[in-house]
Amino acid sequence: MSNEAVVHAHGAVAAHEVHGDHHHEHHHHETFISKYVFSQDHKMIAKQFLITGMVWAVLGGLMSVLFRLQLGYPDATFPWLEDILGKWAKGGRITPEAYYALVTTHGTVLVFFVLTAGLSGTFANFLIPLQIGARDMASPFMNMLSYWFFFAASIVMLSSMFVETGPFSGGWTAYPPLSALGDASPGSKTGMDLWLISMALFVVSSLLGGLNYIATVLNMRTKGMSMTRLPLTIWALFFTAVLGVLSFPVLFSGFILLIFDRNFGTSFYLSDIFINGVGALPNEGGSAILYQHLFWFLGHPEVYIILLPAMGMVSEILSINSRKPIFGYIAMIGSIFAITVLAFLVWAHHMFVTGLNPFLGSIFVLLTLLIAVPSAIKVFNWLTTLWRGNIRFTPAMMFAIGFVSLFISGGLTGIWLGNSALDIHLHDTYFVIAHFHIVMGVASMFGMFAGIYHWFPKMYARYLNNTMGYIHFWVTIAGAYLIFWPMHYQGLAGMPRRYYDYSIWESFKQFAELNRFISTVAMIVFAVQLLFLFNFFYSIFKGRKVTKQNPWDATTLEWTAPIHPGHGNWEGEIPEVHRWAYDYGKDGKDFIPQTTPVGADESHH
Amino acid sequence: MTSSADQPKRIHPHKFTLWVAMGSIVMAFAGLTSAYIVKKNQSSWLEFDLPVLFWYSTAVIIISSITIHLAVKSFKAREMGRYRNLITITAILGVLFILLQYLGFRDLEARNIALVGAKSNSAASFLLVITGLHMLHVLGGVIALLVIFARAFNKRVKSYSSVPVEMAATYWHFVDILWIYLFVFYNWIG
C-alpha cells in the first residue's frame, strides 16, 4: 500500500467524522486527468466501469450475432464477412476455428467483463457510498486501481483477438487439455496466454473492488444506518463482494497450476495423452477433473456474483415503483445469505457426468435443489410487493418485472438440470444454454438495464428517453423468450452445444428452420440494443434535464444528494438516518425519506 | 454486525480491508491444499522428505513475528530508535526466510527431485507452487515493511498514526501463521 493511499484515506476518515464542516477540499485542482481518467471519485469510477462494460457488451453481442449467422445459415456465404474478418471467414463463411474463438470469447467477455465488472463494478461503486451515506469508498485509491486493472485486462483480451493464431477457443471454462497445451488447437497458443494474463488481471481487479465494497458497507455507514436499515441493493452488493472475495482466489489458484502445466511442464492437469501430430505427452498422472473442481468452485459462485446485484436492484425498483414497502425485508436478506452460503456448496453439479461418484452426486443434487427455497422466497416477495401496488410502469420498472419473469422461467429449468439423472441426458445440450442464458444472462442484463434506467438521472442529471426505453424493453423481452425458449426443445431432443454445423447431422437436420428463426431474432434483439446505446449516449448530452432532487419519490439517501453531486456527495453534513429504506404508503403518506425522524404518533411497521 | 454503527470505537477501514484480504488469501491456499489432497489420493504420488532447511526457515519466521510485535510496542511507546532497529531486523529475517526456502528447493533438486519439467512429479510441483506463492506473500510483507521503514527514517514528516505499523504487523503474523499451517500440512496432514 502506498503512502498517498494511506494519507488520502486519513483525510477522508477525518472528513467523515466531522459533521457540519464544509467539504470543499475535494473540489480544488480537478484537471481533466484527475476528474475523468484517474479519478478516485466512486461515481466517476462507476461510470468508467459502466461504459467499458457497455463496449464489451456490444463486442460480445456482436460475436453472438456472428456465430448465430453460422448456425442459422450454415450453407450460405456472406462475402462481406471475409471483408471484415479476413482469413477467419474465408469465402464468406466463418471457419470452425473462428466459430470456437467467437463462442469462447463471447462467454468469457459476457460473464466476466459485462456481467461481473460492468454490473457489480458499476452499481457497487455508484450505490454503496450514496446509499449508505459515505463520502466515498473505504479506499478510493484501491477503487481506482480496481478499474484500471479491469481496463488492462480488457486491453489484453482485446489484443488477443488480433494475434495470428486467434484468441483462445477452448470454451469460456478453459478446461485442460485444450487450455494447457499449445499444440491442441490454434487458439491454445498465444491466444490462451493472453486469455490467462487478462483473467489474472481481472481477478486482481475484482478482489480490489470486492475488498473495498465489503469494508465500505461494514465501516462507512452514516449515523443511524444500521445494517437492517440498509436498502436491499446494498445487501445484495455486499454478498456479491463476499462471494467474489472468497471464490476468485480459488480460481486464481487453479490458473497458477494451469500456468505451470502450460509453461513449465508440470503434470497437475496433464497426463500421457496422445496428440495428433505430436505424439504422447511426457506428462504423467495429471487430472483434468482437478481443474474442473477448482474452476467450478469459482464458477458457481460466479453465477450468483452476476445475479445478486440484479436481484438487489430489482427489489429496490419494484418497491419504489409499486409505492409499497418491499415484502419480507428480513426474509430477503436471509434468502440472499442462504444463496451465498449454498453457492459454495453446489459446484459439482456442473460435473455430474465427469465420472463423479454417484453418491457424492446425490449430495450435490440435494444441495442444488435447496437453492430453490431461497429463490422461491425471493420470487414470492417480489410478487407480493407488486400485489395491489400502485404501480408506475417506468422503463426501469418494466425491466425489473421482466427480470422476475425471466428468473422464474430460467429458475424452473434449473430444477431439471440439478437432478443428476436428468443431467445425463441434458448435459452439454441446448437445454443448458437456454437455462443459463435466461436465468443468469438475460435476467441479469435486465437487472442491469433496470438499474441504468432508474439511476441514470442520478448519474448524469438527465433522463433517458422513455419511448425508446419501452421499445427497448418489449423487443428485448419478446426476443429473449423467442431466442431461448425453442432451445429447450432442441436440448431435450439431444442437440449438443458448441457444434459448428448441425445440418450434417441426421438427428438435428430437423432444426434447420428453427435455428434460422433463432438467428433472425438474435439479430433483431441486437439491433434494439444499439437503440439503447443511442438513447444512453444521446441522453447524457441532450436528455431531459432532472429538475427534482428526488425524481422517483424514493426514500433512500442517494436522492438527498444534490442533482450534480461533487466528490464527497453531500455538501455540508452527511445525512443522518432514522428509519429503514422502505417507508412507502405509510400512515397516509406516499413515502417518508430515511432522513426523516420517526414521529411520535407514527405506527410501527 | 447489526449495530456496529452505534459502537463508540470502530475498526479502522483499512485494517478491516486487510482482514478481508487475508480471508481471500486463505481461500487461495485452501484451494491449493485441497487440490494437493485430491492429487495425493490418486496414483503416482512421489513420497519424499521435506528439506531440512524448512525447519530453519520456520524458526526464522517465528522469530520475525516476535520482532515485529516488539516493533509495534516500541512504536506506540515512541521509542523510535528501537522501533527502527526492530523493523530492520524483521525485514532482514523476512529476506532470510525467502532465501532459506529457495535453498530448500535447491536441496530438493540436488536430491534429483524435479520440481518442474517433464520428469517432475506433482508432489514436488505442488510443494513449489504452494511454497512459492507463500514466498511471494512474504515478499509483499517485506515491501510493506520497506514502506513504513522509509517513513520511520523520514526526517521531515513525522507520523504518529500507528495504523500502518499495526497493519504491517498483522499481515506479518498472518504470513507467519500461514507458513506454520503449510508446514504442518506438508509434514503431517497432506
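Start at the polar contacts between the two chains: in this predicted model, seven residue pairs, both partners at pLDDT 80 or more, are in polar contact across the interface of chain A and chain B. Now look for salt bridges across that interface of chain A and chain B; the rule finds zero.

Next, select the side of chain A that touches chain B. Which helices should you color? Pick α1 (3-17), α7 (190-219), α8 (232-264) and α9 (288-322) of chain A, since each supplies at least two residues of that side. Then zoom in on α8(A), which gives the most, with nine residues. Try coloring this side of chain A by residue type: you will find 28 nonpolar residues, 13 polar ones and two charged ones.

Now show both partners together. How many residues does each chain bring to the contact? Chain A brings 43 residues and chain B brings 40 residues. Switch on a surface if you like: the area buried between chain A and chain B is about 3400 Å², and carbon and sulfur atoms give 68% of that.

For the last stop, color by confidence. The predictor gives the complex an ipTM of 0.91 and a pTM of 0.92. Select chain B, where the mean pLDDT is 89 and 95% of the residues reach 70 or more. Then select residues 1-8 of chain B: over this stretch the pLDDT is below 50, and beyond near neighbours in sequence the stretch has 12 contacts in the model.

Notes. Residues are numbered from 1 along each chain as its sequence is written. Chains are lettered from A and ligands numbered from 1 in the order in which they are written. This is a predicted model: local features need pLDDT of at least 70, side-chain atom pairs count only at pLDDT 80 or more; totals for chains, interfaces and linings use all residues. Side-chain values use heavy atoms; hydrogens and water are left out. pLDDT is the predictor's confidence in each residue, from 0 to 100. Contact means heavy atoms within 4.5 Å. Buried area is the accessible area (1.4 Å probe) that two parts lose on being put together, summed over both. A salt bridge is a side-chain nitrogen of Lys or Arg within 4 Å of a carboxyl oxygen of Asp or Glu. A polar contact is a pair of N or O atoms within 3.5 Å; within protein, one must be able to donate a hydrogen and the other to accept it, and residues adjacent in sequence count only if both atoms are side-chain atoms. Helices (H or I, at least four residues) and strands (E, at least two) are DSSP runs, numbered from the N terminus. Ala, Val, Leu, Ile, Met, Phe, Trp, Tyr, Cys and Pro count as nonpolar, Asp, Glu, Lys and Arg as charged, and the others, Gly among them, as polar.
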